[in-house]
Amino acid sequence: MTEFLWGGATASYQCEGGWKEGGRAESMWDRYLHDHGLENGDVASDHFHRYQEDIRMMKEGGHNSYRFSIAWPRIIKNLEGDINPEGIAFYNQIIDTCLEYGITPFVTIFHWDLPQYLEEIGGWLNRRTCEAYTHFAKICFDAFSDRVKHWTTFNEPRYYTFSGYLIGNYPPGHQNLSETVTSAYYMMLASAMAVREFRQGKYKGQIGIVHSFAPVYGVDNTVRTKIAMRYADNFFNNWILDTAAFGEIPGDLLGELSKVCDLSIMLPEDLEIIRKYTVDFLGLNYYARVMIKPYETGETTLIVNNAGSKAKGTSQTIIKGWFEQVRPESSRYTEWDTEIFPEGLYEGIRSVWKKYHLPVYITENGIGLYEDASEEQIKDQERINFMDMHINAVLNAREEGCDVRGYYAWSPFDLYSWKNGTEKRYGLVAIDYENGLARKPKESYYWFRDVIQSQGKTINRKKYEEVL
Ligand code: NOJ
């Protein structure tokens with residue numbers, strides 16, 4: 001049996017900093033955050049300069065894998081597709097450092113930092129971006145696949161497209177349904193095109209996709225609720241997982257979308273690529289489930305809490321005619337309105353395994369907290385409790401025969417949390433941004449090390465009832 005992968009996950013823009021160094025081009029996030037005068041990732045955790053220390057701490061914390069992404073603007077300089085050798089050299093160093101420490105690199109090709117030169121021609125609304133992405137992916141395979149055997153095409157296409165084109169809280173900051181559908185489609189097409197490149201190039205290893213997984217629960221067992229659950233599952237999950245794993249965009253979803261959008265960009269030859277080039281495994285980022293009820297009233301509304309305790313309880317999702325999200329009152333929530341519901345991870349893994357029968361990695365799981373990094377020892381018992389319950393869920397699913405192959409904490413060290421800035425902390429290691437970016441292991445760091453060393457035996461084991 002393959003070794004279970006235990007580690008932490010990061011994203012290039014969120015941790016690297018060094019935004020003008022190493023020949024890096026501008027990304028859409030640089031431009032957007034600078035133009036809006038918002039907290040940005042210019043320095044972030046300064047992983048660009050301190051990756052050796054960070055990876056050493058992963059090793060000392062027991063990790064045997066590191067999930068990170070490759071910054072497209074570091075690798076490809078311009079629209080013409082010219083390669084930046086300094087960018088290749090940087091990731092060679094990251095990969096080689098991992099290997100020196102016996103850490104398996106698990107690479108995300110795209111984690112949201114689109115080069116600005118592509119955003120200027122329409123970004124994911126322009127088919128040319130699919131070609132440019134495939135070129136970038138091929139350069140990565142050529143440069144790194146002698147050492148990297150675990151690849152994922154995209155991180156969370158749903159979150160990216162919904163935030164950028166439907167909710168409008170992430171760049172490019174639009175609110176437009178047909179743009180949402182176009183960008184979603186081009187990302188899934190580009191994912192299949194990269195898989196085609198990977199297969200045709202006969203690179204060794206496996207390639208998957210990472211999804212922001214939200215298992216759907218209904219308020220009751222009525223037929224109306226079941227129908228609403230299907231809408232919600234298409235909205236939250238199926239357009240990514242079915243498309244990547246089965247090679248097919250759900251037909252009923254296309255039927256609904258065709259009533260409100262022009263789907264003529266979906267060419268038969270594209271659908272053939274999507275059908276043929278499916279993934280080897282699924283990466284699931286799990287933070288919470290969604291509980292829904294049938295649609296009752298109101299316009300489509302999507303509100304995400306990017307302000308933490310200042311806006312607690314304001315999150316809302318209504319999709320007109322489809323469903324409404326409800327907030328189970330008996331549940332516990334983080335300051336950013338994320339429900340804490342480990343059973344959802346257990347049920348979710350079981351349902352994904354049953355439906356797709358592909359290996360699963362939990363590519364992200366963690367909790368965002370307010371913490372004071374100037375403290376001598378950060379006591380993050382809440383994070384320990386959270387991870388303990390979720391790893392228990394993973395182990396339960398595994399023991400029942402689901403092929404789960406890894407668990408990645410988001411995140412191995414504190415980093416820049418997009419619109420939530422650096423005050424929302426996820427790390428096992430604190431970064432004291434006020435004091436020279438000093439690294440300080442939190443209590444969860446040592447706790448996770450013991451979990452890994454015992455192969456999960458130190459986890460508080462508890463069985464869950466079957467619900468879904
Ligand atoms: C989802 C994303 O992959 C990552 O970029 C984000 O910061 C975390 N989860 C936490 O929300």
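A salt bridge here is a side-chain nitrogen of Lys or Arg within 4 Å of a carboxyl oxygen of Asp or Glu. Keep that cut-off in mind for the first stop, and remember as you go that this is a predicted model.

**Stop 1: an acid without a partner**

Select Asp 388, which lies in helix α14 (residues 381-399). Asp 388 is buried yet has no salt bridge. Now add Arg 461 to your selection: Arg 461 is the nearest side chain of opposite charge, and it is 8.1 Å away. What is Asp 388 in contact with, leaving aside its neighbours within four places in sequence? Show Trp 447, Thr 458, Ile 459 and Asn 460, and you have those contacts on screen.

**Stop 2: rings that meet**

Next, turn to the aromatic side chains; the count comes to 52 aromatic pairs. Start with Phe 141 and Phe 198, an edge-to-face pair with 5.0 Å from centre to centre and 65° between the planes. Colour the two helices to see what this pair links: Phe 141 is in helix α7 (residues 127-144) and Phe 198 is in helix α9 (residues 177-200), 57 residues apart. Are these two rings buried or exposed? Both Phe 141 and Phe 198 are buried.

Then pick Phe 246 and Tyr 356. Their ring centres are 4.8 Å apart and their planes stand at 40°, so this pair is tilted. Phe 246 lies in the loop between α10 (223-245) and α11 (251-258), while Tyr 356 belongs to helix α13 (residues 342-356), so the pair ties together parts that are 110 residues apart in sequence. Switch on a surface and look at both ends of the pair: Phe 246 is partly exposed, with a relative accessible area of 41%, whereas Tyr 356 is buried, at 8%.

**Stop 3: charges over rings**

Select Arg 327 and Tyr 333. Arg 327 lies over the face of Tyr 333, at 3.9 Å from the ring centre. For another example, go to Arg 439, whose charged end sits over the ring of Phe 413, 5.9 Å from its centre.

**Stop 4: a strand with two partners**

Finish with strand β8 (residues 290-294), which is mostly covered: four of its five residues are buried. Add strand β6 (residues 216-218), which pairs with β8 in the parallel sense over three bridges. Here Gly 218 stands opposite Ile 292 in β8. Then add strand β11 (residues 323-326), which pairs with β8 in the antiparallel sense over four bridges. To find your place in this pairing, label Pro 294 and Phe 323 in β11, which stand opposite each other.

Note on methods
Residues numbered from 1 in each chain as written. Predicted model: local features only at pLDDT ≥ 70, side-chain atom pairs only at ≥ 80, totals over all residues. Heavy atoms only, no water. Phe/Tyr/Trp six-rings, centres within 6.5 Å; stacked < 30°, edge-to-face > 60°. Buried < 20%, exposed > 50% of the residue type's maximum accessible area, 1.4 Å probe, protein only. Lys NZ or Arg CZ within 6 Å of the ring centre and 35° of its normal. Lys, Arg positive; Asp, Glu negative; His and termini not counted. Contact = heavy atoms within 4.5 Å. Pairing = 2+ DSSP bridges.
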